[in-house]
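Reader: Hey, got a minute to walk me through this one? I'd like to get my bearings before going back to the bench.

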Amino acid sequence: MVCLTVVFYSQVIHSQIKIPTRNFSDSLEYSLDSLTNLYGNNKTYDSLIAFPFMIALSRFPDLRHTDIRIIKKNIFTTMYARPSIRRLFLQRDKRRYFILVDTEIEDEPGIYFKLPMNAKIGLIAHELCHIAEYQNKSIWKMLSYTAHYITSSGKRKLEHQNDLEVLERGFGWQIYDFMKFVENNPALPPKYLEHKKRYYFRPDEYVKLIYSHPDYAF
Ligand SMILES: [Zn+2]
């Protein structure tokens, strides 16, 4: 009976999360304990990121058992994902990935800590798409894939592809909200804004992709 209840509850959560959602709030619509039971295996993180991390993971069944560690660090961008170099040559199921979250921007808390919940989920989903792409590749294919980051055009192409995958995973509105947050904050460091403009979709470009995607039709 307990088992059946768990299965039922799990299906309810899956069905609620599977359809693209315009807004996730941090109201306790989803129980963090239940989400953690379903998606928290082999994941290391702290309470500041727990809820958006679990919601984002809900659409990455391919990363259910992958070792992913969230680390807070003062970095140039808001968040970025990378594999553990020490484990790179191990079997795929032994790989480890880090998601670095910026702690500071111009002596203030990093952008992540100022984002609305929806945008936090979108940003984490963006990084999980990178990890899913890496995890899907052999070490040699991963290295040749990341080599495209050397050129500006290669980097733009991969980041655009990645945000198309975010759309496929059902978090189009969430990454759009992150893009809008950045666009509406001209006080952010000019270098950061320039970086975003150069390599990522603009919000007005991305919203057209959302409206033309069949999963997002009303
Ligand atoms: Zn990226």
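**Strands, helices and confidence**

Author: Sure. This is a predicted model, and a handy place to start is Asp-67, which stands opposite Arg-96 in S4.

Reader: Which strands does that pairing belong to, and how many bridges are there?

Author: S2 and S4, where S4 covers residues 96-102. They pair in the parallel sense over seven bridges.

Reader: OK, and what's the strand order in the sheet?

Author: S1-S2-S4-S3, an open sheet of four strands with mixed pairing. S1 and S3 (79-83) are the edge strands, each pairing on one side only.

Reader: Which way does S3 run against S4, parallel or antiparallel?

Author: Antiparallel, with five bridges joining the two. One pair to look for is Tyr-80, whose bridge partner in S4 is Leu-100.

Reader: What packs on the sheet?

Author: Helix H4 does, touching S2, S3 and S4. The direction of H4 makes about 15 degrees with that of S3.

Reader: Let's go to the other edge. How is S1 joined to S2?

Author: By two bridges, and the strands run parallel; S1 is residues 43-44 and S2 is residues 67-73. Thr-44 has Arg-69 as its bridge partner in S2.

Reader: What's the handedness of the crossover there, left or right?

Author: Left-handed. The chain leaves S1, passes through helix H3 (residues 50-57) and arrives at S2, a β-α-β crossover.

Reader: Back to helices. At what angle do H4 and H7 pack?

Author: About 110 degrees, with the axes 7 Å apart; H4 spans residues 117-135 and H7 spans 172-183. That angle falls within 65 to 115 degrees, so H4 and H7 count as roughly perpendicular.

Reader: Which residues make that contact?

Author: On the H4 side they include Ile-121, Leu-123 and His-126, and on the H7 side Trp-173, Phe-178 and Phe-181 are among them. The residues of this contact divide into eight nonpolar, four polar and one charged.

Reader: Now confidence. Where is it lowest and where is it highest?

Author: Lowest in helix H1 (residues 2-18), at a mean of 45, and highest in S1, at 98. For the chain, the mean pLDDT is 89, and 89% of the residues reach 70 or more.

Reader: Over which residues is the pLDDT below 50?

Author: Residues 1-12. Beyond near neighbours in sequence, that stretch has two contacts in the model.

Technical notes. Residues numbered from 1 in each chain as written. Predicted model: local features only at pLDDT ≥ 70, side-chain atom pairs only at ≥ 80, totals over all residues. Pairing = 2+ DSSP bridges. Right-handed = clockwise from strand over helix to strand, strands pointing away. Axes fitted to C-alpha atoms, helices over the stretch in contact; angles between N-to-C directions. Parallel < 35°, antiparallel > 145°, perpendicular 65-115°, else oblique. Contact = placed C-beta atoms within 7 Å. Nonpolar A, V, L, I, M, F, W, Y, C, P; charged D, E, K, R; others polar. pLDDT = per-residue confidence, 0-100.
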